[in-house]
Amino acid sequence: ARLPPTPRLGRAETPFRGLYLASASPRPGGTRGVGCQRGPGRLGGRQGRASSAPCAVASVSAVPIRVVLAEDNYLVREGVTRLLSSDDEIDVVATCDDYDSLVAAVVAEQPDVVITDIRMPPTGTDEGIRAAEHVRETSPETGVVLLSQYSDPAYALAFLEKGSEGRAYLLKERVSDLTQLRDAVAEVHVG
């Protein structure tokens, strides 16, 4: 039977669109042990429908991974957004094109994962690395995937300097492969 469309709810009541493995402790906002229903995301606007995924497994939660994406290049930002939005297990809740809007989106949306470019306005140097450090300090439960077009080990070392838990470094040339991007998002989400 089809369920009626689900209205947009707060973080603790976010409609479901897929499955991911939950971490050992529930995420802030209570994402464990809720029914299996799918609802509209901000991007894509899918109507609510029953999930075909099993609901009886206690260690699995049917809440999509909430992602904030920061990329200053419009074409890359829109391409990655559409790629991620094609996966029912990921909900892109905000996109940003600079450091300040990324920090504001993390505060406003409280995402599970941030995907950010290394170089963004205002200086075009290391805003992504600084944003990752800011997220680690203010939202330690939020994972970060750093996108780079540079295979320079100095960027990766700076990003992972204080530990690799909940962190991933991915070259932009790998972003076209949804499996690698989805796996990186899922891995940093669980820590």
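Contact means that heavy atoms lie within 4.5 Å. The structure is a predicted model, in which local features need pLDDT of at least 70 and side-chain atom pairs count only at pLDDT 80 or more, while totals for chains, interfaces and linings use all residues. Residues are numbered from 1 along each chain as its sequence is written, and side-chain values use heavy atoms, with hydrogens and water left out.

**Exercise 1. The protein as a whole**

State how many helices and strands the protein has, in what order they run, and what share of its contacts links distant positions in sequence.

Solution. Begin with the count: the protein has 5 helices and 9 strands. Both are DSSP runs numbered from the N terminus, helices being H or I with at least four residues and strands E with at least two. Next, read the order from the N terminus, which is β-β-β-β-β-α-β-α-β-α-β-α-β-α. Then consider contacts with a separation of 6 or more: 66% of them join residues 24 or more positions apart. Finally, 45% of the 191 residues are buried, a term for under 20% relative accessible area, with exposed for over 50% and partly exposed in between (1.4 Å probe, protein chains only).

**Exercise 2. The two sides of helix α2**

Determine which residues of α2 are buried, which are exposed on the other side, and what covers the buried ones.

Solution. First, list the buried residues: Tyr99, Leu102, Val103, Ala105, Val106 and Glu109. These residues lie on the same side of α2 because they cover an arc of only 160 degrees around the axis; the arc is that of the directions from the helix axis to the C-beta atoms. Second, turn to the other side of α2, where Asp100, Val107 and Ala108 are exposed. Third, identify the cover of the buried residues, which includes β5 (65–70), β6 (90–96), β7 (113–117) and α3.

**Exercise 3. The packing of α2 and α3**

Describe how α2 and α3 are arranged and which residues form their contact.

Solution. Start with the geometry: α2 (residues 99–109) and α3 (residues 127–138) pack at an angle of about 20 degrees, with axes 10 Å apart. Axes are lines fitted to C-alpha atoms, for helices over the stretch in contact, and angles run from 0 to 180 degrees between N-to-C directions. The two helices are therefore roughly parallel, since angles under 35 degrees count as such, over 145 as roughly antiparallel, 65 to 115 as roughly perpendicular and the rest as oblique. Then name the residues in contact: α2 supplies Tyr99, Leu102, Val103 and Val106, and α3 supplies Glu127, Arg130, Ala131, His134 and Val135. Last, sort these residues by class, which gives 6 nonpolar, 1 polar and 2 charged. Here Ala, Val, Leu, Ile, Met, Phe, Trp, Tyr, Cys and Pro count as nonpolar, Asp, Glu, Lys and Arg as charged, and the others, Gly among them, as polar.

**Exercise 4. Single residues in strand and loop**

Locate Ser148 and Gln110, and decide whether each is buried, partly exposed or exposed.

Solution. Take Ser148 first, which belongs to strand β8 (residues 143–148). Its relative accessibility is 0%, so Ser148 is buried. Beyond neighbours within four places in sequence, Ser148 contacts Ile118, Tyr169, Leu170, Leu171 and Lys172. Gln110 is in the loop between α2 and β7. With 46% relative accessibility, Gln110 is partly exposed. Although not a glycine, Gln110 has a positive phi of about 45 degrees.
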